[in-house]
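Let us read this protein model step by step, through questions that each have a short, reasoned answer.

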Amino acid sequence: MIRKMIEIDQEKCDGCGQCTIACAEGALELIDGKATLVADLYCDGLGACIGECPQGALTIMEREADPFDEEAVEQRLTAEEQKSAPTLACGCPSSSAVALNPACAGSGKIQGSGGRTSSLGHFPVKLQLLGPGAPFLMGADLVLLADCTAACYPDLHSELLPGKAVAMGCPKLDDLEAHIRRLTEIIEHSALKSLTVAHMEVPCCSGFVHAAKEALKRSGKALPLNRIEIGRDGKVLARERTEAA
């Protein structure tokens, strides 16, 4: 049948993921760093995602497509919600998550080679491997950390990590909707005190800011939300704080 469908200009798309958040039917995913229509039957053609694209990469066009299937959408969303509990890279269940004890008594930090210290307080650190009920998340100040930030920011362990929990991921190459769902679960179950998003200056990396805002919206919780933007040279380019996101 001929009907209205979303069209994505892959040249304009920078992979920020904002459209995937706006698509309630789950018809859009980030695949290889670009927004992609998963299947015609998931798209209702109403274009709710268009206004969320900062690059103007989305348009509505009429073309031949499978009919919109609301039942298939429900099945897809349900299947996503019922994905199995996360596992560690070694195959261990997420219940293997642990809080890390200081290696040096009284130091509060784990000492490595050269006398340097780590302020990491738990493992795992990847967002999708964190169970919402992990003890180290309860009442924590959580840092949502874009992967590249950890490599670029020289003061990570001295400034961002001490006394905080951390959740890492890539807002461009990972499944952003899955990150939003997991972050929502953590906010709902862990009584977080605050949420800080640390991301790189590149546009696609700001997808974690949108993910944090969407997760707070879905959870119905009001938390202080902080944003730290890191440059490619490791310098802090911006700091922002909102009291009740």
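Q: How many bridges join strand S12 to S13?
A: This is a predicted model, so each value here is computed from predicted coordinates. Strand S12 covers residues 225–230 and runs antiparallel to S13, and one opposed pair in these strands is Leu225 with Thr242 of S13. The number of bridges that join S12 to S13 is 6.

Q: In what order do the strands of the open sheet stand?
A: The open sheet is formed by 5 strands, and the pairing among them is mixed. Strands of a sheet pair through backbone hydrogen bonds, either parallel or antiparallel. Here the order is S10-S9-S11-S12-S13.

Q: Which strands stand at the edges of this sheet?
A: A strand at the edge has a single partner strand, so one side of it is left without a neighbour in the sheet. From one strand to the next, the twist averages 15°. The strands at the edges are S10, residues 165–169, and S13, residues 236–242.

Q: Which residue is the bridge partner of Ala146 in S10?
A: Strand S9 pairs with S10 in the parallel sense over 5 bridges, and S9 also pairs with S11 in the parallel sense over 5 bridges. On the S11 side, Leu142 stands opposite Leu195. On the S10 side, the bridge partner of Ala146 is Gly169.

Q: How many of the 6 residues of S9 are buried?
A: Two helices lie across this strand: H5, residues 176–190, lies across S9, S10 and S11, running at about 170° to S9, while H6, residues 207–219, lies across S9, S10, S11 and S12, running at about 160° to S11. Strand S9 is largely enclosed by the rest of the structure, because its count of buried residues is 5 of the 6.

Q: Which residues have the most contacts inside the largest nonpolar core?
A: In soluble globular proteins, nonpolar side chains tend to be buried together. The largest nonpolar core in this model has 62 residues, and H6 gives the most to this core, with 6 residues. Beyond its close neighbours in sequence, up to four places away, Leu144 touches residues including Leu127, Leu183, Leu195 and Phe208. The residues with the most contacts inside the core are Leu142, Leu144 and Leu195.

Q: Is Leu130 buried or exposed?
A: Leu130 is found in the loop between strand S8 and S9, and, leaving aside neighbours within four places in sequence, its contacts include His122, Phe136, Val166 and Ile186. The C-alpha atoms of Leu130 and Leu183 are separated by 9.2 Å, although these residues are 53 residues apart along the chain. Because the relative accessible area of Leu130 is 1%, this residue is buried.

Q: How many disulfides does a search of the whole structure find?
A: A disulfide is a covalent bond between the sulfur atoms of two cysteines. The sulfur of Cys53 is 6.0 Å from the closest cysteine sulfur, in Cys16, and this is too far for a bond. Likewise, the sulfur of Cys204 is 6.1 Å from the closest cysteine sulfur, in Cys205, which is too far for a bond. The number of disulfides found in the whole structure is 0.

Q: What percentage of the residues in the protein are buried?
A: The protein has 6 helices and 13 strands, and it exposes about 12300 Å², of which carbon and sulfur atoms supply 53%. Of its 245 residues, the buried ones make up 45%.

How values were computed: Residues are numbered from 1 along each chain as its sequence is written. This is a predicted model: local features need pLDDT of at least 70, side-chain atom pairs count only at pLDDT 80 or more; totals for chains, interfaces and linings use all residues. Side-chain values use heavy atoms; hydrogens and water are left out. Two strands pair if DSSP finds at least two bridges between them. Helices (H or I, at least four residues) and strands (E, at least two) are DSSP runs, numbered from the N terminus. Axes are lines fitted to C-alpha atoms, for helices over the stretch in contact, and angles run from 0 to 180 degrees between N-to-C directions. Contact means heavy atoms within 4.5 Å. Buried means under 20% relative accessible area, exposed over 50%, partly exposed in between (1.4 Å probe, protein chains only). Accessible areas come from the Shrake-Rupley method with a 1.4 Å probe; for residues, only the protein chains shown count as cover. A nonpolar core is a set of buried Ala, Val, Leu, Ile, Met, Phe, Trp, Tyr and Cys residues joined through side-chain atoms within 4.5 Å. A disulfide is a pair of cysteine sulfur atoms within 2.5 Å.
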